[in-house]
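Open the structure in your viewer and keep the selection tool at hand. The tour below goes from one selection to the next and says what is there.

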Amino acid sequence: MLMVDLIKKKRDGQELSTEEINFIIEGYVKGEIPDYQVSALMMAIFYQGMNDRETVDLTMAMMNSGDVLDLSKIEGVKVDKHSTGGVGDKTSLVLTPMVASLGIPVAKMSGRGLGHTGGTIDKLESFEGFSTSISTDKFFENVNNNKISIMGQTANLAPADKLLYALRDVTATVDNMSLIASSIMSKKLAAGADAIVLDVKSGSGAFMKNDTDAKALAEKMVSIGNMAGRKTRAVISDMDQPLGFAVGNALEVVEAINTLKGQGPDDLLELCLTLGSQMVILAGLCDDEDTARKMLLETIESGKALDKLATFIESQGGNKEDVYNTENLFRATICYELLSETDGYVKGIECEEVGMASLLLGGGRRSKTDEIDLWTGIILNKKVGDKVEKGECIAKLYANDNAKLEQAKTRLFDAYSFSSDPVNKNVLIKEIIK
Ligand code: URA
């Protein structure tokens, strides 16, 4: 088989067979097929798409490209959660300690930022010394002892996805339904959880820009998960504006901590309760959403979830005091206030542009090997539907470099649109697919 023939086949809109998909994934992981040919194939898939059979084959080939974890050493029903990626999406940082403090084992594998979206691992690295590069033995030990551990995608877990994820990030081939579904589901299946709750984002900051596509992606992933014998549910949630107020790694960590202290943004808390109640139900702790939400809220009110986060940070090398006193997490040297030039209401926020503004400040990667600046980012003061007055601060940008700030502030300003008439707030939870 020749890779160039397979690129041509997909470029011309034909189906790839199971053997061809296996050949591509095996060859890429072994280093026999170079990045440039796989980039060309990704672009062909981006334009021509893949059918359900090809998507399942790609998922299975990526899952089988490395180890498939056996979590049977961990007691209880293991529930994983994954988001399709958004801007300001720090849900995992809030949700995982809440769920773990109810005794549900959280054995989670997370990723880094992708394109304009952030990643849980980058965010967690804001805690000095914290590492997600831990052995699977340490991962099991932490889950058994503390009910929570988050590990990075080890070299051996869905290595094909690890390679493709980094390649797609810098070749503008992320936002394709089959590529996203196979990327997420291959590593979720390889990570071995009994049940999976997916947060499928829809809107201008998501890879799926409208509810129809988000629903199709959600259904595709739920069907792959259930087919593989894992109870899988998906929540479709709004990403037509950032979640919460903070965008940028350490700034998001602080907002997550504030939420666990009962002082977080309403939308972030609501999403955590919605996703969390599905996790609690799948773990078998109760049957209905109302009871699950009450159980989750109690973890915040009692301080148990905050303590669980501190234990988790310490167990993976971080300083747990940073959870109780977040001063150490503010390290940007420049703070710039973006002011409104008009009276009225915020009509919309081009959410991907907010992500790009944060990336320009240093919070995301332009190429595979870029180091990111964990301390930069944006705090939105105004969100969709909010009233604004001329001269009022709509957002603060935190930077460490004036040239980067200049680029980011224009991009952020242009992301906002205003109306003289009142504007309805966005609906956060759109649908739950079971
Ligand atoms: N998250 C993933 O893990 N993979 C994608 O392709 C997109 C979001």
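A salt bridge is a side-chain nitrogen of Lys or Arg within 4 Å of a carboxyl oxygen of Asp or Glu. With that in mind, select Arg112, Asp122, Glu125 and Arg365 together: these residues are linked in a network of salt bridges. The model on your screen is predicted. Searching the whole structure gives 31 salt bridges, and the next stops visit some of them.

**Stop 1: Lys10 and Glu54**

Select Lys10 and Glu54, and show their side chains. The two form a salt bridge, and their closest N and O atoms are 3.0 Å apart. The pair links distant parts of the chain, with the two positions 44 residues apart: Lys10 belongs to helix α1 (residues 3–11) and Glu54 to helix α4 (residues 52–63). Are these charged residues buried or exposed? Lys10 has a relative accessible area of 2%, so this residue is buried, the limit being under 20%. Glu54 is also buried, with a relative accessible area of 2%.

**Stop 2: Lys123 and Glu252**

Now select Lys123 and Glu252. Here the closest N and O atoms of the salt bridge are 2.8 Å apart. This pair too connects distant parts of the chain: Lys123 sits in helix α6 (residues 120–124) and Glu252 in helix α11 (residues 249–260), 129 residues apart. Lys123 counts as buried, at 1% relative accessibility. Glu252 counts as buried as well, at 3%.

**Stop 3: Glu406 and Lys409**

Move to helix α17 (residues 402–415) and select Glu406 and Lys409. Their salt bridge has its closest N and O atoms 2.9 Å apart. How far along the helix are the two residues from each other? They are 3 residues apart in α17, so about one helical turn separates them. Glu406 counts as partly exposed, at 43% relative accessibility, whereas Lys409 is buried, with a relative accessible area of 17%.

**Stop 4: Arg230**

Select Arg230, in the loop between α10 (211–227) and β5 (231–238). Which side chain of opposite charge is nearest to this buried residue? It is Asp194, 6.6 Å away, and Arg230 has no salt bridge. What the side chain of Arg230 does reach is the backbone oxygen of Leu189, at 3.2 Å. To see the surroundings, add Lys188, Leu189, Gly192, Ala193, Asp194, Ile196 and Gly225 to the selection; Arg230 is in contact with these residues, leaving aside neighbours within four places in sequence.

**Stop 5: helices α5 and α14**

Switch to a cartoon view and select residues 91–100, helix α5, and residues 304–315, helix α14. Their axes are 8 Å apart, and the helices pack at an angle of about 105°. That angle makes α5 roughly perpendicular to α14. Where do they meet? Show the side chains of Leu93, Pro97, Met98 and Ala100 in α5, which meet Ala305, Lys308 and Leu309 in α14.

**Stop 6: Ser110**

Next, select Ser110 in strand β2 (residues 106–110). Ser110 counts as buried, at 5% relative accessibility. Not counting residues up to four places away in sequence, Ser110 touches Thr120, Ile121, Ile150, Met151, Gly152 and Gln153.

**Stop 7: Gln241**

Select Gln241, in the loop between β5 and β6 (246–247). Although in a loop, Gln241 counts as buried, at 10% relative accessibility. A polar atom of the Gln241 side chain lies 2.9 Å from the backbone nitrogen of Val384. Val384 is among the contacts of Gln241, with Ile349, Cys351, Lys383 and Asn426, when neighbours within four places in sequence are left aside. For a longer view, draw a line between the C-alpha atoms of Gln241 and Thr154: they are separated by 32 Å, and the residues are 87 apart along the chain.

**Stop 8: Phe23**

Finish with Phe23 in helix α2 (residues 18–29). Is Phe23 buried or partly exposed? At 28% relative accessibility, Phe23 counts as partly exposed. Phe23 touches Met1, Met3, Leu6 and Ile33, not counting residues up to four places away in sequence. One of these, Leu6, is 17 residues from Phe23 along the chain, and the C-alpha atoms of the two are separated by 10.0 Å.

Methods
Residues numbered from 1 in each chain as written. Predicted model: local features only at pLDDT ≥ 70, side-chain atom pairs only at ≥ 80, totals over all residues. Heavy atoms only, no water. Helix = DSSP H or I, 4+ residues; strand = E, 2+ residues; numbered from the N terminus. Buried < 20%, exposed > 50% of the residue type's maximum accessible area, 1.4 Å probe, protein only. Lys, Arg positive; Asp, Glu negative; His and termini not counted. Polar contact = N/O pair within 3.5 Å; in protein donor to acceptor, adjacent residues only side chain to side chain. Contact = heavy atoms within 4.5 Å. Axes fitted to C-alpha atoms, helices over the stretch in contact; angles between N-to-C directions. Parallel < 35°, antiparallel > 145°, perpendicular 65-115°, else oblique.
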